[in-house]
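Work through the exercises below with the sequence and the structure open. Try each task before reading its solution.

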Amino acid sequence: MAAVAAAALLVGACGGGSHTPAAVSPGNLSFVVRVSDNVFTPKALTVPSGTSVTWVWSGKNKHSVVGTFGSQDVHSPTHQGSGELSVTLHTPGTWEYECGVHGKAMSASITVN
Ligand SMILES: [Cu+2]
């Protein structure tokens, strides 16, 4: 029973909303893209060069991140339910990427300025 109470406390401690992955602060050079079932959120993201972008997996199905961001090839492992990938993007341009499992049906873009 003690473990159940502790878990409840942990959940309560996160109730303020500051842990929401989609929350983005423009000033801190760190952005999160959620990888959920068949959609990247946000679908289009603009970041300054040198920004660390972290893809965070959720959902029930298998997904991956596959794309070329200028000179940087990103080919993540396929994750299901949870997982993270952080990449620091340097090359200016608009770069489209997709899920290696779902292809164009699950795609998004990041513009690096
Ligand atoms: Cu997918």
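A residue counts as buried if 20 or more other C-beta atoms lie within 10 Å of its own, as exposed if 12 or fewer do, and as partly exposed in between. The model is predicted.

**Exercise 1. Side chains along a strand**

Task: Sort the side chains of strand 6 (residues 66–69) by the face they point to, and say which are buried.

Solution:
- Step 1. Take one face: G67 and F69 point there, and both are buried.
- Step 2. Turn to the other face: V66 and T68 point there and are not buried.
- Step 3. Read along the strand: the side chains alternate.

**Exercise 2. Partners of strand 6**

Task: Find the residues that pair with V66 in strand 7 and in strand 10.

Solution:
- Step 1. Strand 7 covers residues 72–75 and runs antiparallel to strand 6, with four bridges between them. There, V66 stands opposite H75.
- Step 2. Strand 10 covers residues 93–99 and is also antiparallel to strand 6, through two bridges. Here the bridge partner of V66 is E98.
- Step 3. Look at the hairpin of strand 6 and strand 7. Two residues lie between the strands, and G70 has a positive phi near 70°.

**Exercise 3. The open sheet**

Task: Give the order of the four strands in the open sheet and name the edge strands.

Solution:
- Step 1. The order is 2-1-4-9, and the pairing is mixed.
- Step 2. Each edge strand pairs on one side only; these are strand 2 (39–41) and strand 9 (84–89).
- Step 3. Neighbouring strands of this sheet are turned by 20° against each other on average, direction ignored.
- Step 4. Check one pair. Strand 4 (residues 51–57) and strand 9 are antiparallel and share six bridges. T51 of strand 4 faces L89 in strand 9.
- Background: strands of a sheet pair through backbone hydrogen bonds, either parallel or antiparallel.

**Exercise 4. Backbone exceptions**

Task: Inspect the backbone at N38 and at the bond between T41 and P42. What stands out?

Solution:
- Step 1. Recall the usual case: most residues other than glycine have a negative phi, and most peptide bonds are trans.
- Step 2. N38 is not a glycine, yet its phi is positive, about 65°. N38 sits in the loop between strand 1 (30–36) and strand 2.
- Step 3. Count around N38: 13 other C-beta atoms lie within 10 Å, so N38 is partly exposed.
- Step 4. The peptide bond joining T41 and P42 is cis, with omega about 0°. P42 belongs to the loop between strand 2 and strand 3 (44–47).

Terms used: Residues are numbered from 1 along each chain as its sequence is written. This is a predicted model: local features need pLDDT of at least 70, side-chain atom pairs count only at pLDDT 80 or more; totals for chains, interfaces and linings use all residues. Two strands pair if DSSP finds at least two bridges between them. Axes are lines fitted to C-alpha atoms, for helices over the stretch in contact, and angles run from 0 to 180 degrees between N-to-C directions.
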